[in-house]
Amino acid sequence: MGEQYIIGIRAEIEKDLNINHAIVTNIPIVQKLQDLTTKPNVCFIKSFKTFLYNNINLETTQVLWIIGTPRWKIDFTLQHARMLFGNHEKPLNYDEEIWADHYKDERIQEIHHQKVVGLLIHIVGRVGLNRNNGKTVMLLNNYELPDITDRPETRLFDWEDYEIAGRLDKLEETIYTRERFEAERDKLNADSNRKEVERVLGCSSRQANRVLNKLRGGNIPRVPYREQILFLLSSGREKTTASLVAAIDSSPQAIGNELKRLLDEGKIIRLRRGVYTLPEFHRPNS
């Protein structure tokens, strides 16, 4: 997913050199994007820490990309936790899922959450959105920021929305279209006709009949994972393991096992780690 972000941001910056961009993210991504600083429409690429402790001018920035979430040294968070909860009867649990930034102890997790949200609110506040200055903030993480992400003018989107839109100025229109179809989908019921189901869901007649059968109380047999994977890949768009897991609503292990079987049988091709397509859509490098 991170690679998709980077590819999309690079493409967006190069589409219109009259639109000025800036990026705030973690140090490894800053290093990965350093070559973009040579672009005439890139104001800066800074780490969260650098942005926080320096008076960086955002006057000429029109689009600010905030990628990922800030990270602190574990000791910093744990020290704060010990100060607040060290004398509690229930001992602190210091176990952490490092890559997920998730602490098993809810008290430590709340401290971490507050620090992340506080810094993100500070960054967005520096943009000056309250002044109606026409700037755009692209917040690429799943944190809810009070009085920011819940504003009427804020549009929540999946990265796939951006990929479908193809460019930033088409994103809002794409989001509206998806939301409209989602609203129509939620209104489908047992009285809906097959053609309507096909139109709203963008599916085949066979799939529409299955949906209607389920809505009408029929017993729908489970579609095998391999059929679902092959159907999703038949669009011609490469898919990541994560997107397949989300679309099929299954466990990563189950989908991973099926992907391995399909690879061994030559039914699918792995383009790179965690990214797959069908053989007919693969164009080898010349």
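The following exercises concern salt bridges in a predicted model.

**Exercise 1.** Determine how Glu 163 and Arg 237 are paired, and where each residue lies in the chain.

*Solution.*
Step 1. Side chains of opposite charge can pair when their charged atoms come close.
Step 2. The closest N and O atoms of Glu 163 and Arg 237 are 3.2 Å apart. A salt bridge requires a separation within 4 Å, so the two residues form a salt bridge.
Step 3. Glu 163 belongs to helix H6, whereas Arg 237 lies in the loop between helix H10 and strand E7. The two are 74 residues apart, and the pair therefore links distant parts of the chain.

**Exercise 2.** State what separates Arg 178 from Glu 182 along helix H7, and classify the accessibility of each.

*Solution.*
Step 1. The side chains of Arg 178 and Glu 182 meet in a salt bridge at 3.1 Å, N to O.
Step 2. Because they stand four residues apart in helix H7, about one helical turn separates them.
Step 3. Arg 178 has a relative accessible area of 22% and Glu 182 one of 28%. Both values fall between 20% and 50%, so each residue is partly exposed.

**Exercise 3.** In the salt bridge between Arg 226 and Glu 258, decide whether each residue is buried or partly exposed.

*Solution.*
Step 1. The closest N and O atoms of this pair are 3.2 Å apart.
Step 2. Arg 226 is in helix H10 and Glu 258 in helix H12, 32 residues apart.
Step 3. Arg 226, at 24%, is partly exposed. Glu 258 has a relative accessibility of 8%, which is under 20%, so Glu 258 is buried.

Terms used. Residues are numbered from 1 along each chain as its sequence is written. This is a predicted model: local features need pLDDT of at least 70, side-chain atom pairs count only at pLDDT 80 or more; totals for chains, interfaces and linings use all residues. Side-chain values use heavy atoms; hydrogens and water are left out. Buried means under 20% relative accessible area, exposed over 50%, partly exposed in between (1.4 Å probe, protein chains only).
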